[in-house]
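Welcome! Let us take a walk through this structure by following its charged side chains and the partners they meet.

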Amino acid sequence: MSDVTNDRDAGRTPRRWNPLAPAARCGEALHAWRARRHGHAPPAHDTGGAPPPPEPAAHAPAAAESVLWRMRTTVRDEPGALAALCTALAERRVDILTLQTHPLGAHTVDEFLLRVPAGTDLAAAVAAGGGTDTWAERADAHDLVDGPTRMLGLAARAATDAAELPLVLRQLLGRCTIRSHPAAVIGGGADAVPPAGVLDDTVIRLPDPEGGVITVERPYLPFTPTEFARARALVELDARLGPRMPRGRDVLTLPEGRRVSVRRADTADLAAARAMHERCSAETLRRRYHGPVGDATRYLDHLLSPRFGRTLAAQTASGDIVALGHLLWDGDETEVALIVEDAWQRRGIGAELLSRLVDMAVEAGCAHVYAVTQASNTGMVAAMRGLGLPLDYQVEEGTLVVTARLTPTPAHSAPEAGERVARR
């Protein structure tokens, strides 16, 4: 899976976003933890060369097994070049399931989905057929969809929800790093991006429909003009459709019989979210933002933006927001964060929001979620443990990072303290 990160300052090294300057020491400790845990090198066999042949099993059966591979290679754009490559693959009984071509002037980048007999030296086969600059990675059954169908599916996802755009771009372009730079950071001059966008080898820059710039980086594999055109079309679709998100809501019955609705939230809820923060105690805000929080509400516009993730709100019948849960895109270890108004704590609301956020992360294909908190925040620690998922704990100078490894199926379960009774 590729990395989707939030970067509020152009040119800075990506790191977990901590909106509060007074909490700088906590942010530095967290950055040190991340630097030790996350490398920026691409996954094995994704860096320009064909993979080594699989090791033969000690007691392999006589019948040939096969493995799915996605592969790119470059051939000269001349009659017979592609035929020679396909012949070389056929001689080794490699089955070509799909093929897409990306013209590049005197050369063509050919993208294959292959079924390769176990033990086949794929690198040698491609080289014998005239392929160069070869890249390959293991594939699975999800890659068996043809190109047009896949693009229509991605467009449908983007049309449904503005928060899907970073995920759709990631699905389209493979492992890559996607950053949204707000307009206030970009300014003009060299950082300005024309309406048509910019393709610069391993970097794509496109105007963000919400202002600012979207950058997509894939250092280990240059983008082709075809990929650039597809990415630009998805961003243009997002711009034409404007702000949007699913409007369904669930009703949660609390232990004392009161009900709150759980729904998606965005920047249209900024005023209600600020009002909730003003009703929260200093201790609740400190636990959420890990430091002095006199001006925490200044950053809610960023947290509520669909461009950086998804937000769930718990709302009373009178329209007051009493809790917020954030899912912030940060690669395979997407961040989750919660805040519940003091008068509504210990009623299962936080656990409900967290469980739904984990479901969203699973649906988005995330491998992990993590929460940055303090050991004294027993409510958040208990909510993470209540997910019933494998957890990893890291402590850095008083900051606790709890990481949950996700399962292929949603881990949602209603909390014991409350019950969902209806969907609208």
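**Following the salt bridges**

A good place to begin is a network of salt bridges that links Arg70, Arg72, Glu111, Glu137, Arg175, Arg218 and Glu227. Please keep in mind as you look around that this is a predicted model. The count of salt bridges comes to 21, and we will visit a few of them.

Let us stay with two members of the network, Arg175 and Glu137. Their side chains form a salt bridge, with N and O 2.3 Å apart. Where in the chain do Arg175 and Glu137 lie? Arg175 is in the loop between α5 (165-173) and β6 (177-181), while Glu137 belongs to strand β5 (residues 132-138). The pair thus links distant parts of the chain, 38 residues apart. Arg175 is partly exposed, at a relative accessible area of 25%, whereas Glu137 is buried because its value of 13% falls under 20%.

Next, find Arg157 and Glu164, whose side chains meet in a salt bridge with an N to O distance of 2.6 Å. Here Arg157 is partly exposed, with 28% relative accessible area, and Glu164 is buried, with 10%.

Our last stop is helix α9 (residues 282-289), home to both Arg286 and Glu283. These two residues form a salt bridge, and their closest N and O atoms are 2.6 Å apart. Along the chain they are three residues apart, which is about one turn of the helix. Are they buried or partly exposed? Arg286 is partly exposed, with a relative accessible area of 29%, and Glu283 also counts as partly exposed, at 34%.

Notes. Residues are numbered from 1 along each chain as its sequence is written. This is a predicted model: local features need pLDDT of at least 70, side-chain atom pairs count only at pLDDT 80 or more; totals for chains, interfaces and linings use all residues. Side-chain values use heavy atoms; hydrogens and water are left out. A salt bridge is a side-chain nitrogen of Lys or Arg within 4 Å of a carboxyl oxygen of Asp or Glu. Helices (H or I, at least four residues) and strands (E, at least two) are DSSP runs, numbered from the N terminus. Buried means under 20% relative accessible area, exposed over 50%, partly exposed in between (1.4 Å probe, protein chains only).
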